[in-house]
Structures are given as structure tokens and as C-alpha cells.
Amino acid sequence: MRVSVALLGILMLVFAVTACSKSKAKPLVPLALEAGVPARAIALNEQGTQAYQGREYEGAKKFFAQTVEVAPQSGPAHYNYALALNKLGETEAARKQFLEAANLAPGDKVIWDSPVLSPYGNPEIEEKKVAAPQNPNRRSMGGR
């Protein structure tokens, strides 16, 4: 009897730990544009958001692309466009838009903490990698 109670207690503990460790990821949703952008951009962004939420990703892509044209300095506009591109499997184009969104909105925690952005790395680190000069005298591990 004691063994079964102890076993039951262990199973409940394992279940509780597993349930707590699997935090649900927040659904990725398009962002509202910041204050000061043209009204046309806000209207296009709203149409894109409706299309995105309706899982009409081609339509969302079209509206968000237009939003970026009207408000090219808006981080949320680039982020929303990237979300639609990512849903359509256009990963390289999405990557560029996610990085542009992060560059335009350095303090925006939603953009920077997005699980969608994290696979693309930190733009500041990426720039340093590209800018870092390679040492021509450095030998590879292959011993050549």
C-alpha cells in the first residue's frame, strides 16, 4: 500500500512538472502600428490583420506589403509583413523583414522576444559577423 501511494505521488509530481514546463507559446498576431504613421497605413494594416486572422495569408501579404510601402520606417509594419511571408513559407524574405522590424524597433519587446524572430538571430551580431575581417593566415582544423 505504501509503495502504491509513493508511486502515485511520484507520478503526480512528474505530471505536474511536465505540465508546468510546457508553457504555451503565445499565438503570433499582427501588431498595431505606432502613432504618427499615415492613416492609409493604419487602414491597410487593419485589412492585413483581418486577412491574417482569417488565415488568408496571400491577402495578408498583399496588405502588409502595401503597409510597408506607405510606412517604411514602421517596425510593426515590417514585422506583420514578415509574419505573412513566414506563413507562406517565404523564409528568406521573412528573415529580411523580421530583421528590418527589429532594427526599426529596438525597444519593442514583442518584436525582439518573438519566437518567430529568434531563429534569425540578433541583427547586431549578424552585422558584426559580416563586418568581421577574416584572417587569411588562419589554418583550418583539417591541417592543410
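**Notebook: Asn80 and the helices around it**

I looked first at the side chain of asparagine 80 and noted that one of its polar atoms lies 2.7 Å from the backbone nitrogen of leucine 31. I keep in mind that this is a predicted model.

I then placed asparagine 80 in the fold and found this residue in helix α4, which covers residues 75-87. Its relative accessibility came out at 0%, so I entered asparagine 80 as buried, the cut-off being under 20%. Setting aside the neighbours within four places in sequence, I listed Pro30, Leu31, Asn45 and Phe64 as the residues that asparagine 80 is in contact with.

Next I turned to the pair α2 and α3, since two packed helices are described by the angle between their axes and the distance between the axes. For helix α2 (residues 39-53) and helix α3 (residues 57-70), I noted axes that come within 8 Å and cross at roughly 160°. Because angles over 145 degrees count as roughly antiparallel, I recorded α2 as roughly antiparallel to α3. I also noted that the crossing of these two helices is left-handed. From α2 the contact includes Arg40, Leu44, Asn45 and Tyr52, and from α3 it includes Tyr57, Phe63, Phe64 and Val70. Asn45 and Phe64 are also among the residues in contact with asparagine 80.

Last, I checked helix α5, residues 91-104, against its expected length: at 1.5 Å a residue its 14 residues should span 20 Å, and the end C-alpha atoms are 20 Å apart, which agrees. For burial in α5, I wrote down Ala94, Gln97, Phe98, Leu99, Ala101 and Ala102 as buried.

How values were computed. Residues numbered from 1 in each chain as written. Predicted model: local features only at pLDDT ≥ 70, side-chain atom pairs only at ≥ 80, totals over all residues. Heavy atoms only, no water. Helix = DSSP H or I, 4+ residues; strand = E, 2+ residues; numbered from the N terminus. Buried < 20%, exposed > 50% of the residue type's maximum accessible area, 1.4 Å probe, protein only. Polar contact = N/O pair within 3.5 Å; in protein donor to acceptor, adjacent residues only side chain to side chain. Contact = heavy atoms within 4.5 Å. Expected span 1.5 Å × (residues − 1). Axes fitted to C-alpha atoms, helices over the stretch in contact; angles between N-to-C directions. Parallel < 35°, antiparallel > 145°, perpendicular 65-115°, else oblique. Left-handed = near helix turned anticlockwise from the far one by under 90°.
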